[in-house]
Amino acid sequence: MKFLIVTVLSTFFYLTTFATAQYPDRILFDGKEYNLHSNPLESYFEKNPDKRPKGGVMSTALWRGYVATFEVRDSQLFVKDIQIQYWDTTDKKNHDTKWKSVMTEVFPDQKNAKVDWLSGLLVLPFGKLVNYVHMGYGSTYEKYFLLEIDKGSYIKSKQFDYKEYENFKDKQFSAYKKTDEYKETKAKLKKEGSSDEFIDSFLRSFVTQYTSKILTD
């Protein structure tokens, strides 16, 4: 199951919405905190729109209106916290923004909520910034972790430098092209008038969002 882009319309939504580099969600993995190049709560909010945090400051750099923190613990993926930004009006001279937790509003009576709705790949960039791209999560970093998650359970991970990560995406896309899911997705995109060249280029770039498992060693 795709967890970041679930329909063809969502695909083009991401392309147009991520016109600005996004403030990332975060994840605790092996005792360290990393940024995430994906937003695992979005598929949950698509199915539970009444649970989406309200009242947060939204901007071109934070289109979803919140920042979530996740944690891999005991081979399970949990939501650790969800925060929204708000305007502090207590100081009449300077109206600054602050952060507050809305975890209990989204998941009442749950200190940590297992991400059991999620099956997919999580991309964790780290190290030096190699190439900045002012769009979504398009920037390139020195190194990457790739985590495979199945219904909230941590399966395995791989570590790459940025060149190895690009090579992995090529191999992953080659394996993805052999699946029925690829054929179905391509057929939907072709109905929208996209060319074969554009579709393959797009799906290759977003292959970690379209595939739920590591398909190649």
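Select E71 and R73 to start: their side chains make a polar contact of 3.1 Å. A polar contact is a pair of N or O atoms within 3.5 Å; within protein, one must be able to donate a hydrogen and the other to accept it, and residues adjacent in sequence count only if both atoms are side-chain atoms.

This is a predicted model, in which local features need pLDDT of at least 70 and side-chain atom pairs count only at pLDDT 80 or more, while totals for chains, interfaces and linings use all residues. Residues are numbered from 1 along each chain as its sequence is written, and side-chain values use heavy atoms, with hydrogens and water left out.

**Stop 1: E71**

Stay on E71 and show the secondary structure. E71 lies in strand 3, residues 67–73. Helices (H or I, at least four residues) and strands (E, at least two) are DSSP runs, numbered from the N terminus. Is E71 buried or exposed? E71 is buried because its relative accessible area is 15%; buried means under 20% relative accessible area, exposed over 50%, and partly exposed in between (1.4 Å probe, protein chains only). Now display the residues around E71. Leaving aside neighbours within four places in sequence, E71 is in contact with I27, L28, Q76, L77, F78 and K80, where contact means heavy atoms within 4.5 Å.

**Stop 2: Y66**

Select Y66, in the loop between helix 2 (41–47) and strand 3. Y66 has a relative accessible area of 0%, so it is buried. Add E42 to the selection: a polar contact of 2.7 Å joins its side chain to that of Y66. Not counting residues up to four places away in sequence, Y66 touches ten residues you can light up in turn: D25, N39, L41, E42, F45, R52, P53, I82, Q83 and I84. Then pick the C-alpha atoms of Y66 and K100; these residues are 34 apart in sequence, and the atoms are 9.9 Å apart in space.

**Stop 3: P24**

Go to P24, in the loop between helix 1 (8–17) and strand 1 (26–29). P24 counts as buried because its relative accessibility is 16%. Beyond its neighbours within four places in sequence, P24 is in contact with N35, L36, R64, V67 and Y137. The C-alpha atoms of P24 and T69 are separated by 9.5 Å, although the two residues are 45 apart along the chain.

**Stop 4: helix 6 and its partners**

Select helix 5 (residues 180–191) and helix 6 (residues 196–205), whose axes come within 10 Å and cross at roughly 130°. Axes are lines fitted to C-alpha atoms, for helices over the stretch in contact, and angles run from 0 to 180 degrees between N-to-C directions. Helix 5 and helix 6 are therefore oblique to each other: angles under 35 degrees count as roughly parallel, over 145 as roughly antiparallel, 65 to 115 as roughly perpendicular and the rest as oblique. To see where they meet, show Y182, T185, K186, L189 and K190 in helix 5 with D196, I199, D200 and L203 in helix 6.

Keep helix 6 and add helix 4 (residues 162–176); the two pack at an angle of about 125°, with their axes 9 Å apart. The residues that meet are E166, K169, D170, F173 and Y176 in helix 4 and D200, L203, R204 and S205 in helix 6.

**Last stop: the whole protein**

Zoom out. The protein has seven helices and nine strands. Of its 217 residues, 45% count as buried.
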